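Me: I should like to understand how the words used for a protein model are justified. May I ask about them one at a time?

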Amino acid sequence: MAVLHFYELPEKLQLDTNRLCRFVAMVEAGYNECIYHNGLHAADVTHALHCLLDCQDTWKNFSPEELFACILAAGIHDMGHPGMICFA
């Protein structure tokens, strides 16, 4: 949630913050307790994205909708991952 507020996305996109909090809690609950593809990894990826966006104000090149989509994707990219890796 802090990353979304950093970019003022709830305000810019007129998002209901209570509903957004419930959604974020649902995403967090959707991560399995596995060694790597877990909620901590999602937080790490989201933070790394934030660092890249904040570096030299890169985020200013994106619309609020694009920023929201990027942050959402970072947060949910491994949601429900079973924790097994298949090397083909």
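Reply: Certainly; a loop is a suitable place to begin. Gln14 has its place in the loop between helix H2 (9–12) and H3. Please bear in mind that this is a predicted model.

Me: Why does Gln14 count as exposed?

Reply: A residue is called exposed when its relative accessible area is over 50%. Gln14 has 73% relative accessibility, so Gln14 counts as exposed.

Me: What makes the phi of Gln14 worth pointing out?

Reply: The phi of Gln14 is near 50°, a positive value in a residue other than glycine. Most residues other than glycine have a negative phi. Gln56 also deserves mention here, with a positive phi of about 55° although it is not a glycine.

Me: Where does Gln56 lie, and why is Gln56 called exposed?

Reply: Gln56 lies in the loop between H4 and H5. Its relative accessible area is 75%, and the cut-off for the word is over 50%; therefore Gln56 is exposed.

Me: How many helices and strands are there in the chain?

Reply: The chain has five helices and zero strands. Read from the N terminus on, its elements run α-α-α-α-α. Along the principal axes, the C-alpha atoms fill a box of roughly 40 × 30 × 20 Å.

Me: What makes Asp57 and Lys60 a salt bridge?

Reply: The term requires a side-chain nitrogen of Lys or Arg within 4 Å of a carboxyl oxygen of Asp or Glu. In the pair of Asp57 and Lys60, the closest N and O atoms are 3.5 Å apart, so the pair is a salt bridge. Side chains of opposite charge can pair when their charged atoms come close. A search of the whole structure finds one salt bridge.

Me: Why is Asp57 called partly exposed, while Lys60 is called exposed?

Reply: Buried means under 20% relative accessible area, exposed means over 50%, and partly exposed is in between. Asp57 has 36%, so Asp57 is partly exposed. Lys60 has 54%, so Lys60 is exposed.

Me: How are the charges of the chain placed on average?

Reply: The chain has 4 positive and 11 negative charges, and the mean positions of the two groups are 9 Å apart.

Me: How do you know that Gly75 is buried?

Reply: Gly75, found in helix H5, has 18% relative accessibility. The word buried applies under 20%, so Gly75 counts as buried. Leaving aside neighbours within four places in sequence, Gly75 is in contact with Val27, Tyr31, Ala42 and Thr46. Gly75 and Leu40 are 35 residues apart in sequence, and their C-alpha atoms are 10.0 Å apart in space.

Me: Why does His50 count as buried, and which residues is it in contact with?

Reply: His50 is found in helix H4. Its relative accessibility is 15%, and the cut-off is under 20%, so His50 counts as buried. Apart from neighbours within four places in sequence, His50 is in contact with Val3, Phe6 and Tyr7.

Me: Why is His81 buried, and which residues does His81 touch?

Reply: His81 has its place in the segment after H5. At 18% relative accessibility, His81 is under the 20% cut-off and therefore counts as buried. Not counting residues up to four places away in sequence, His81 touches Asn32, Cys34 and His37. Buried residues make up 26% of the 88 residues in the chain.

Me: Why is Glu33 called exposed?

Reply: Glu33 is found in the loop between helix H3 (17–29) and helix H4 (39–54). Its relative accessible area is 82%; the word requires over 50%, so Glu33 is exposed. The C-alpha atoms of Glu33 and Pro82 are separated by 8.9 Å, although these residues are 49 residues apart along the chain.

Me: Which residues make the nonpolar surface patch, and what makes Met79 eligible to belong to it?

Reply: Phe23, Met26, Ile76 and Met79 make a nonpolar surface patch of about 320 Å². Patch residues need over 30% relative accessible area. Met79 has 35%, so Met79 passes that cut-off. With this value Met79 is partly exposed, and Met79 is found in the segment after helix H5 (64–76).

How values were computed
Residues numbered from 1 in each chain as written. Predicted model: local features only at pLDDT ≥ 70, side-chain atom pairs only at ≥ 80, totals over all residues. Heavy atoms only, no water. Patch = residues over 30% accessible without salt bridge, like charges linked within 9 Å, V, L, I, M, F, W, Y side chains within 5 Å. Areas by Shrake-Rupley, 256 points an atom, 1.4 Å probe, with all protein chains shown as cover. Helix = DSSP H or I, 4+ residues; strand = E, 2+ residues; numbered from the N terminus. Buried < 20%, exposed > 50% of the residue type's maximum accessible area, 1.4 Å probe, protein only. Lys, Arg positive; Asp, Glu negative; His and termini not counted. Charge placed at Lys NZ, Arg CZ, Asp CG, Glu CD. Contact = heavy atoms within 4.5 Å.
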